[in-house]
Amino acid sequence: MLTDERQQLILDALETNKIVKSKDLMLELEASESTIRRDLQELEAHGLLKRVHGGAKRLAKVTDEPDMAEKATANLDAKKQVARYAASLVHEGDIIYLDAGTATYEMIPLLTQLKDVTVVTNSVYHASLLIQSGIPTLIIGGTIKLKTRATVDNFSLQHVSSLHFDKAFMGINSIHPEAGFTTPDPNEALMKTAAINQSERFYFLVDETKFNQVSFAKVAELDQGTVLTPTLPDKIKEVYQPLLSIQEVN
């Protein structure tokens, strides 16, 4: 069996089952352990699956994306830690963009200390708190995606592309050495990329769970922007520090 044919069968198996075991693949494809291991390594390098102990799992798809309620409680302490540092980067007179991430939401109460800052966001959730906090706010128009409460359509894309920001702060679902920064929804990826293109500086607010993951849609290459994160394990830093700008916060 040709390599391409065998690897396609592995991907087909992952479409049916979220996780496949190497032993099962060896039997079904009549291949050796070393061959299957090499196939999984190559497919992971191309951002097509994620290797796990004893096999591989399917990557996140658009429908796998959690909603805001699920995201809000996940790793909350880490998000608040990163948000404090991110807010310290905002200065008087700045016009900033906050996307619909839950870490960026945690920045909002900290921005009330500034007298002259304008926030642009595509998040209805964020806009509500910004208004309650008395912060000048511009909300990007468009169709609201129910899961993330963010405006994401062609009108939103045109709107954000017509503006200019001093700084942009975003969440990101996945970071990978080969695939770069990715997110499950292609439309949200386009919005993030557009905001990046309109910003003097931009930052991704993450924690260690986002590394070595790949989602469906590309947002940016690793050498673009800066990652703000709590202290990372050495094994992650060894891989990623040569590839991107990382600012660990305490």
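Domain bounds here come from an automatic or database domain assignment. In this predicted model, the assignment for the chain gives domain 1, residues 3-58, and domain 2, residues 68-248. The C-alpha centres of domain 1 and domain 2 are separated by 33 Å, and contact between the two involves 5 residues of domain 1 and 5 residues of domain 2. The size of an interface is often given as the accessible area lost when the parts come together. Between domain 1 and domain 2 the buried area amounts to about 360 Å², with carbon and sulfur atoms giving 50% of that area. On the side of domain 1, Ala45, Gly47 and Lys50 supply 76% of the area buried against domain 2, more than any other three residues.

Helix H3, which spans residues 33-45, consists of 13 residues and reaches 18 Å from its first C-alpha to its last, a value close to the 18 Å expected at 1.5 Å a residue. Within H3 the buried residues are Thr35, Ile36, Asp39, Leu40, Leu43 and Glu44. Viewed down the axis of H3, these buried residues fall within an arc of 165 degrees, and they therefore line one face of the helix. The packing partners of the buried residues of H3 are helix H1 (3-16), helix H2 (22-29), strand E2 (50-52), strand E3 (55-57) and strand E10 (174-176). Just after H3, Gly47 adopts a positive phi of about 70 degrees; Gly47 is also one of the three residues named above for their share of the area that domain 1 buries against domain 2.

Ser22, found in helix H2, offers a view of this packing from the other side. Ser22 has a relative accessibility of 19% and counts as buried, the cut-off for that class being under 20%. When its neighbours within four places in sequence are left aside, Ser22 is in contact with Ile36, Leu40, Gly54 and Gly55. Of these contacts, Ile36 and Leu40 are among the buried residues of H3.

The strand pairings described next involve E4, E5, E9, E12 and E14. Strand E4 (residues 95-98) is joined to strand E5 (residues 118-121) by 4 bridges, and the two run parallel, with Ile95 standing opposite Thr118 in E5. E4 is also joined to E9 by 3 bridges, again in the parallel sense, and the bridge partner of Tyr97 in E9 is Ala168. Strand E9 (residues 165-171) in turn pairs with E12 in the parallel sense over 6 bridges, among them the one in which Gly171 has Leu205 of E12 as its partner. E12 is further joined to strand E14 (residues 226-230) by 3 bridges, with the two strands running parallel, and Phe204 has Val227 as its bridge partner in E14. Of the 7 residues of strand E12 (residues 199-205), 5 are buried, so that this strand is largely enclosed by the rest of the structure.

Ile172 occupies the loop between E9 and E10 and is buried, with a relative accessible area of 4%. Although Ile172 and Leu205 are 33 residues apart in sequence, their C-alpha atoms are 7.2 Å apart in space. With neighbours within four places in sequence left aside, the contacts of Ile172 are Phe181, Thr182, Thr183, Lys192, Phe204, Leu205, Val206, Lys210 and Val219. Two residues of this list also appear in the bridges described above, namely Leu205 as the partner of Gly171 and Phe204 as the partner of Val227.

Two loop residues other than glycine have a positive phi. Arg149, for which phi is near 55 degrees, lies in the loop between strand E7 (144-145) and strand E8 (150-151), and its relative accessibility of 39% places it in the partly exposed class. Asn212, which is not a glycine either, has a positive phi of about 60 degrees and lies in the loop between E12 and strand E13 (217-220); at 29% relative accessibility, Asn212 likewise counts as partly exposed.

Notes
Residues are numbered from 1 along each chain as its sequence is written. This is a predicted model: local features need pLDDT of at least 70, side-chain atom pairs count only at pLDDT 80 or more; totals for chains, interfaces and linings use all residues. Side-chain values use heavy atoms; hydrogens and water are left out. Buried means under 20% relative accessible area, exposed over 50%, partly exposed in between (1.4 Å probe, protein chains only). Two strands pair if DSSP finds at least two bridges between them. The expected span of a helix is 1.5 Å times one less than its number of residues. The arc is that of the directions from the helix axis to the C-beta atoms. Contact means heavy atoms within 4.5 Å. Buried area is the accessible area (1.4 Å probe) that two parts lose on being put together, summed over both.
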